[in-house]
Amino acid sequence: MKKIVSAVIFAALSLSATAQDATLRIAADKGTQKIHKEIYGQFAEHLGTCIYGGLWVGPESPIPNTDGYRNDVLQALKDLKVPVLRWPGGCFADEYHWRDGIGPRSERPKMQNNNWGGTIEDNSFGTHEFLNLCELLGCEPYISGNVGSGTVEELAKWVEYMTSDGDTPMAKLRRQNGRDKAWKVKFLGVGNESWGCGGNMRPEYYSDLFRRYQCYCRNYDGNQLYKIASGASDYDYNWTKVLMENVGHLMHGVSLHYYTVTGWTGSKGSATKFSDDDYYWTMGKCLEIEDVIKRHAAIMDVKDPQKKIGLLVDEWGTWWDEEPGTVSGHLYQQNSMRDAFVAALSLNVFHRHTDRVRMANIAQVVNVLQSMILTDTKGTGHMVLTPTYHVFNLYKGFQEATYLPIEARCDTMSVRGDNRTPTRKVPLVSMSAAKKADGGIIVSLANVSLDKAQEVEISLDGYQARKATGKLLTCKQITDYNDFEHPDRVAPAAMKDLKVKKNTLKVKLPAKSIAVIEL
């Protein structure tokens, strides 16, 4: 039994259904909404070896570098076309005092990173190093400002330091530190997780703080700030409601954090040793972000029906136990094909909600949580690209493309949930489609089944396709991952036998595979 529904909303069908095929009808002439490139944003926090040993090794390092930035990591991120990079936190942001990270590196004061393992931070990577990195990558910087332990004056002067080109005190200080021309800084976060590590605040109190802090963050010399309020953690809908009522259009955007995690206390489970049941649970949990987005968006619609305020999922991804033998509090985890599916399914969800979702920043870019890249920080200089990296690389053609409506049919399965949602429904095929600026159509398909191939038939309405090319990411075991000894165990390969006939494309998706096809 199958049931056709539109806008990629699937009927609840049992896994035992006899038919395994999926069909897609893409309305190629109906798209109106751009997929914001910022949905493919990254996040770099002073946490573990994300910055030191990941992005930055210093100019004197034997590891090949450009002005202290690792050449291999720099090139890998350029290849991803990273649109925006968030820094310096995370929880670290609300203990970070920007003046500690400017001036001669040898004279910068040290601090203890109280949130993440008590590591001593030497502040050798600061404002100049971050903003220069963004220029090298060609991406927008997203600054997370200190509200939890910082003052209004401190944040206001940081904005002036970065963006003023005039004869102002902070611009003069920046020039003394070697940077004549101001940087362009668009995105400014006013605090981070203010309900938790950012100050344990009530939403009413934080609302008043936001109103005050944002007032003194000025637009200098043509630089226009996009001010982002510290938003809710996953299911805290009251936080969003209070901010919409008390802050409203004084904020340009409000953040949302959502992690695919088994629990915040005790073991979260291994990143690489898990059962099939654990895998399917993960798929259900990651897809629940769609309902979370819808509910926050509905609250926002009451005060902002024209959708002027963006919802920014500026922390998302998987969170497993730290790898055995690594430093406690540094959140170093491996990255398997299961994580690649979380990335693919989540991105497909974000595409469907770009009327509200203006940015997303996966946590984190190197060596922390669901990272793009893993590096050997012990001096060998090895680097490996994770399965999640490959998903972002395959999907980068969706940036700024026009989302296309899909009428879809496929089977779903019921999977184990948790106390909040005891049972979840997981479609066996996740999908998205968009039209690129050059007129081509890009389609993503993910077969989440561990043991069944899926025959997918794609029909195009209002589009004359001449040929199709594609790449496929799959594995022998869902627990497969890349490491320094086996860097290409999980890697994309070209798809074969893709033929368009009468505007219909038939694709056979192997079990546990992710495909991106261009028409």
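This report describes the barrel sheet and the salt bridges of a predicted model.

**The barrel**

Eight strands, in the order β3-β6-β9-β10-β11-β12-β13-β14, close into a barrel with parallel pairing. On average, neighbouring strands of this sheet are turned by 30° against each other, direction ignored. Strands of a sheet pair through backbone hydrogen bonds, either parallel or antiparallel.

One pairing within the barrel may be followed in detail. Strand β11 (residues 226-233) and strand β12 (residues 253-260) run parallel and are joined by 4 bridges. Ala232 has Leu256 in β12 as its bridge partner. Helix α8 (residues 289-303) packs on the sheet, where it touches β11, β12, β13 (310-318) and β14 (357-363). The direction of helix α8 makes about 160° with that of β12.

**Salt bridges**

Side chains of opposite charge can pair when their charged atoms come close. Across the whole structure, a search finds 26 salt bridges. Three of the pairs are listed below with the distance between their closest N and O atoms.

| Pair | Closest N and O atoms |
|---|---|
| Arg108 and Glu129 | 3.2 Å |
| Asp278 and Arg416 | 3.6 Å |
| Glu288 and Arg424 | 2.8 Å |

Arg108 forms a salt bridge with Glu129. Because Arg108 lies in the loop between β6 (84-87) and β7 (111-113) and Glu129 in helix α2 (residues 127-137), this pair ties together parts that are 21 residues apart in sequence. Arg108 has a relative accessible area of 7% and is therefore buried, the cut-off for buried being under 20%. Glu129, at 3% relative accessibility, also counts as buried.

The salt bridge between Asp278 and Arg416 links distant parts of the chain, 138 residues apart. Asp278 belongs to helix α7 (residues 276-287), and Arg416 to strand β19 (residues 412-416). Asp278 counts as partly exposed because its relative accessibility is 29%, and Arg416 is likewise partly exposed, at 38%; this class lies between the limits of 20% and 50%.

Glu288 forms a salt bridge with Arg424, again linking distant parts of the chain, here 136 residues apart. Glu288 is found in the loop between α7 and α8, whereas Arg424 is in strand β20 (residues 423-427). Both Glu288 and Arg424 are buried.

Salt bridges also link residues into a network, whose members are Asp301, Asp304, Lys307, Asp355 and Arg356.

How values were computed:
Residues numbered from 1 in each chain as written. Predicted model: local features only at pLDDT ≥ 70, side-chain atom pairs only at ≥ 80, totals over all residues. Heavy atoms only, no water. Pairing = 2+ DSSP bridges. Helix = DSSP H or I, 4+ residues; strand = E, 2+ residues; numbered from the N terminus. Axes fitted to C-alpha atoms, helices over the stretch in contact; angles between N-to-C directions. Contact = heavy atoms within 4.5 Å. Salt bridge = Lys/Arg side-chain N within 4 Å of Asp/Glu carboxyl O. Buried < 20%, exposed > 50% of the residue type's maximum accessible area, 1.4 Å probe, protein only.
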